[in-house]
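Hello,

Here is the structure we discussed handing over. My notes on it follow below.

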Amino acid sequence: MANRKVLLVEPDYRSKYPPLGLMKLASYHRELGDEVRFVRGCSGEAAGKFWDAIYITTLFSYDWQKTVRTVRFYKDNLFGLSSKVVVGGIAASILRDKLYAETGVYPVVGCLDRPGMLDADSDLVVDRMPPDYSILDQVEYSYAHTDAYIGYATRGCVRRCRFCAVPQLEPEFVDYIELVPWVTEVRERHGEKDLLLPNTNVLV
Ligand code: B12
């Protein structure tokens, strides 16, 4: 299954941090020998090409219109035999049924934290891949904190607050994720960075 062509898409909403999920997907696919291209928003040029897979990430649910427009755009403009549109990330996980109703695409819910979730024969875990910062050079958009190692040292939360989306996104509480392997790998590939941990609840 080597040498697939993979398109990574972030809808063109305002995003402060770089798209961590897509950066891990980039590392995953490059590790498997695939070619990766990253775009923001609806790119006519990208949609007109052949892709083995198109991955669309989502973030805040209040950017819903842009998110739905982007999913519809790639779904409706798939070139020739391009095979699949895969949607995941935060808003898609929270509003999974609404996304399906509005686009016909049912998303991957939550984290890609088990082997075989994208390719049955791969034992790589996307969530544990070091983010590939080099995809950020493929877009004009400027993110904050590109000079940081961004990653999670915990997942989930011990609480189940009614207003919070975390229990849906990360249902299992993981109290420590080893940081050294990905920090080392990011340092080797992209140089020294600050450490930024978007952990949900460090004061458990
Ligand atoms: C970091 C963070 C922020 C950052 C900005 C994030 C950014 N990217 O720009 C800051 C601190 C600025 C922030 C601010 C706010 N935040 Co905030 N934030 C988060 C946090 C902790 C992580 C979000 C993130 O960037 N994750 C990176 C993700 C995408 O990477 P990942 O986890 O590795 O991705 C995995 C999966 O998502 C999935 N995946 C991701 N993409 C894709 C794509 C495909 C195709 C597939 C298959 C899978 C997939 O697989 C990946 C690997 O396992 C979440 C809570 C959480 N634990 O998710 C809240 C969260 C997103 N925030 C939330 C809120 C409410 C806010 C604020 C409104 C709070 C406030 N009242 O001010 C503000 C809004 C600011 C604004 N207007 O922009 C809510 C959103 C709820 C909603 N309905 O949208 C969340 C869910 C927290 C909560 N308690 O409910 N936030």
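**Core, ligand shell and one exposed loop residue**

Outside its neighbours within four places in sequence, Ile-56 has contacts with Val-9, Thr-70, Val-71, Tyr-74, Val-85 and Val-87. Please keep in mind that this is a predicted model.

Ile-56 also belongs to the largest nonpolar core, a set of 29 residues, and is listed with Leu-8, Leu-22, Ala-26, Ile-54 and Tyr-55 as having the most contacts inside it. At least two residues of this core come from each of β1 (5-10), α1, β2 (35-40), β3, α3 (64-76), β4 and α4. The element that gives the most is α1, with five residues. As background, nonpolar side chains in soluble globular proteins tend to be buried together.

Next, the ligand. The shell around the ligand has 32 residues, and the closest are Gly-21, Gly-88, Gly-89, Cys-111 and Ala-165. Two or more shell residues come from each of α1 (20-31), β3 (53-58), β4 (84-89), α4 (90-94) and α6 (166-169). The largest share is that of β4, with four residues. By type, the shell holds 20 nonpolar, seven polar and five charged residues.

Last, a residue in a loop. Asp-123 sits between α5 (96-103) and β5 (148-150). Is Asp-123 buried or exposed? Asp-123 is exposed, because just 7 other C-beta atoms lie within 10 Å, and a residue counts as exposed at 12 or fewer. From Thr-103, Asp-123 is 20 residues away in sequence, and the C-alpha to C-alpha distance is 31 Å.

Regards

Note on methods. Residues numbered from 1 in each chain as written. Predicted model: local features only at pLDDT ≥ 70, side-chain atom pairs only at ≥ 80, totals over all residues. Near = placed C-beta within 6 Å. Nonpolar A, V, L, I, M, F, W, Y, C, P; charged D, E, K, R; others polar. Buried ≥ 20, exposed ≤ 12 C-beta atoms within 10 Å, placed from the backbone. Core = buried A, V, L, I, M, F, W, Y, C linked by C-beta atoms within 7 Å. Contact = placed C-beta atoms within 7 Å.
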